[in-house]
Amino acid sequence: MKRLLGECRDRGLCGGGKVSRPPSRLKTDHGAYSVSLPFQSAMNIILKRIRQRLSPQSFPDTAEELAKSDLFAGWWYYSVELLPGLITKGQYPDSFPMLPRILLRNCDLRGTTCLDLGSMEGLMPVVMCRQGAKAVLATDAIDHCRQKMAALRYYYKASFEFQQVGLMYDLNNKLRKSGRSSFDIINLSGLLYHVFSPLMILAGVRPLLKRNGLMIVSTNVVVDDSFTMQFNNAGSLQEEVNTFWYLSVRALDYVLRYLKLAPIDCLYISHRDIKSSVRYVTDVESGYLSVVCRAKDDPIASREDTWMLKSAQHSWEYAGLVDWDSCNQQAVTHVPYSATIEKNLLRDDTGTVDLLRALSRRTIHQAERSSDAHVLRLADIS
Ligand SMILES: C[S@@+](CC[C@H](N)C(=O)[O-])C[C@H]1O[C@@H](n2cnc3c(N)ncnc32)[C@H](O)[C@@H]1O
């Protein structure tokens with residue numbers, strides 16, 4: 001994210017970037033245009049942005065041109081093949097598996113409406129399109145990957161929309177205002193550890209899912225027996241400055257069921273297996289967990305748990321922060337999920353995956369092929 005903000009500063013999005021030269025009339029004709037300099041600069045930034053948005057973007061079509069371009073040489077989150085053999089340098093090693101991408105293959109996306117949260121350059125939206133989604137909405141806090149996302153649309157002939165949503169809180173209301181509030185499949189990956197309040201994010205996203213829809217929730221977790229969230233005090237979990245909380249696996253399992261999301265499949269990678277310049281490994285066992293959930297009409301309490309249903313009925317936060325009326329009014333989808341998890345990883349009372357028990361059986365140590373990683377190649381269909 002530091003890189004992100006750096007990047008958006010470079011491009012003037014945060015107000016500190018280079019300002020295009022004002023038209024010469026403004027410079028010379030002081031009598032006619034007595035505007036103060038800060039106002040003039042602000043106007044120039046606004047005009048530059050309007051011009052950028054209105055002008056059709058063009059991208060290099062030859063390897064020579066692309067290899068020399070700022071687009072190719074710039075900072076990339078994903079490694080993306082833009083022309084045959086020309087792959088941008090993403091921030092992850094090719095051996096780092098992208099778990100939600102792998103799990104998404106089990107969802108039958110044909111004819112579905114999909115939402116991706118925190119899309120960066122748009123790898124997930126592209127594979128959603130390629131897997132046959134009817135409509136795909138990419139989102140991010142700011143439009144910091146605008147040009148790179150446009151490049152993915154162009155080189156992958158992918159058609160998806162983008163909406164800038166600011167901080168991800170209250171997403172239901174934000175998307176409802178723009179008329180996009182109902183999705184068969186939602187991908188929420190790599191975001192919950194970046195926010196002050198992971199439950200508030202889930203509360204805002206939950207009403208956007210159709211009844212019986214699928215949500216893939218992926219985040220960093222600590223692996224122990226507790227129902228806790230661990231804070232990244234003094235960067236103890238990760239040096240990255242926008243990283244706050246790792247949920248414990250059992251807390252994530254519980255919160256999902258509380259919000260009427262039944263875990264039906266999962267994949268896990270231990271941070272110890274990630275070979276990266278970023279320091280992930282600490283004195284606690286931690287990793288990245290990706291969970292496929294099926295939307296249900298009721299909270300999913302375990303046999304001995306009498307608290308969950310009472311809380312769901314009587315808690316002010318539960319009623320006030322999640323728009324359950326919208327959830328209940330959503331259409332029912334029948335989006336299929338093809339993988340079936342081993343029976344002994346399911347709880348006998350809830351029928352949902354016991355995430356803690358499933359970890360060891362559902363662990364991936366490294367990506368065996370680039371299409372399982374944070375690498376997008378032109379031939380990839382998923
Ligand atoms: C680690 S990247 C994950 C990208 C992608 N979802 C994936 O799983 O590969 C985090 C994404 O969340 C966005 N993001 C980070 N912090 C955020 C925040 N506090 N509010 C909203 N979006 C945030 C970033 O812009 C970026 O798109």
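**Group meeting: the ligand shell and the strands of a predicted model**

By class, the residues in the shell around the ligand divide into eight nonpolar, six polar and one charged. Of the 15 residues around the ligand, those that come nearest are Gly118, Ala141, Ser189, Gly190 and His194. I should say at once that this is a predicted model, and I shall begin with how far it can be trusted.

The average pLDDT for the chain is 89, and 88% of the residues score at least 70. Residues 1-35 stay under 50, and for that segment the model has 35 contacts beyond four places in sequence. Where pLDDT is low, the predicted coordinates should not be read in detail. I shall therefore not interpret residues 1-35, whose pLDDT is under 50, in light of that general caution.

As to the overall architecture, the chain has 15 helices and 12 strands. Of its 382 residues, 38% are buried. Among contacts with a separation of 6 or more, residues 24 or more positions apart account for 71%.

Let me turn to strand E7, residues 209-222. How many of the 14 residues of E7 are buried? The count is 12, and the strand is thus described as mostly covered. E7 pairs with strand E6, residues 183-189, in the parallel sense, over six bridges. Within that pairing, Ser189 has Ser218 of E7 as its bridge partner. The connection from E6 to E7 passes through helix H10, residues 198-205, and this β-α-β crossover is right-handed. Ser189 deserves a second mention, as one of the residues that come nearest to the ligand.

E7 has further pairings. With strand E11, residues 286-295, the sense is antiparallel and there are nine bridges; here Thr219 stands opposite Leu289 of E11. With strand E9, residues 245-248, the sense is parallel and there are two bridges; here Val221 stands opposite Leu247 of E9. As a general point, the side chains of a regular strand alternate between the two faces of the sheet.

I come next to strand E4, which spans residues 135-140. E4 is also mostly covered, with five of its six residues buried. Strand E3, residues 113-117, runs parallel to E4 and is joined to E4 by four bridges. Cys114 of that strand stands opposite Val136 in E4. Between E3 and E4 the chain crosses through H7, in a right-handed β-α-β crossover. Which strand does E4 also join by four bridges? That strand is E5, and E4 and E5 run parallel. Asp140 stands opposite Gln164 in E5. The chain passes from E4 through H8 to E5, and this β-α-β crossover is likewise right-handed.

Helix H8 itself covers residues 146-155, and its buried residues are Lys148, Met149, Ala151, Leu152, Arg153 and Tyr155. Against which elements do the buried residues of H8 pack? They pack against helices H5 (70-73) and H7 (123-130), and against strands E1 (79-83), E4 (135-140) and E5 (161-164). It is worth recalling that an α-helix has 3.6 residues a turn, so residues three or four places apart point the same way. Just after H8, Lys157 takes a positive phi of about 45°.

Strand E1, which the buried residues of H8 pack against, belongs to an open sheet of three strands in the order E2-E1-E12, with mixed pairing. Its edge strands are E2 (86-87) and E12 (375-376), each of which pairs on one side only. E1 and E12 pair in the parallel sense over two bridges, and Ser79 stands opposite Val375 in E12.

My last residue is Ser277, in the loop between strand E10 (261-270) and E11. Is Ser277 buried or exposed? Ser277 is exposed, because the number of other C-beta atoms within 10 Å is 7, and a residue counts as exposed at 12 or fewer. Ser277 and Gln91 lie 186 residues apart in sequence, yet their C-alpha atoms are 9.2 Å apart in space.

To close, I return to two elements. E7 is mostly covered and has 12 buried residues out of 14, and its pairing with E11 is antiparallel over nine bridges. E4 is mostly covered as well, with four bridges to E3 and four to E5.

Note on methods: Residues are numbered from 1 along each chain as its sequence is written. This is a predicted model: local features need pLDDT of at least 70, side-chain atom pairs count only at pLDDT 80 or more; totals for chains, interfaces and linings use all residues. A residue is buried if 20 or more other C-beta atoms lie within 10 Å of its own, exposed if 12 or fewer, and partly exposed in between; C-beta atoms are placed from the backbone. Two strands pair if DSSP finds at least two bridges between them. A crossover is right-handed if, with the strands pointing away from the viewer, the path from the first strand over the helix to the second runs clockwise. Two residues are in contact if their C-beta atoms, placed from the backbone, lie within 7 Å. A residue is near a molecule or strand if its C-beta atom, placed from the backbone, lies within 6 Å of it. Ala, Val, Leu, Ile, Met, Phe, Trp, Tyr, Cys and Pro count as nonpolar, Asp, Glu, Lys and Arg as charged, and the others, Gly among them, as polar. pLDDT is the predictor's confidence in each residue, from 0 to 100.
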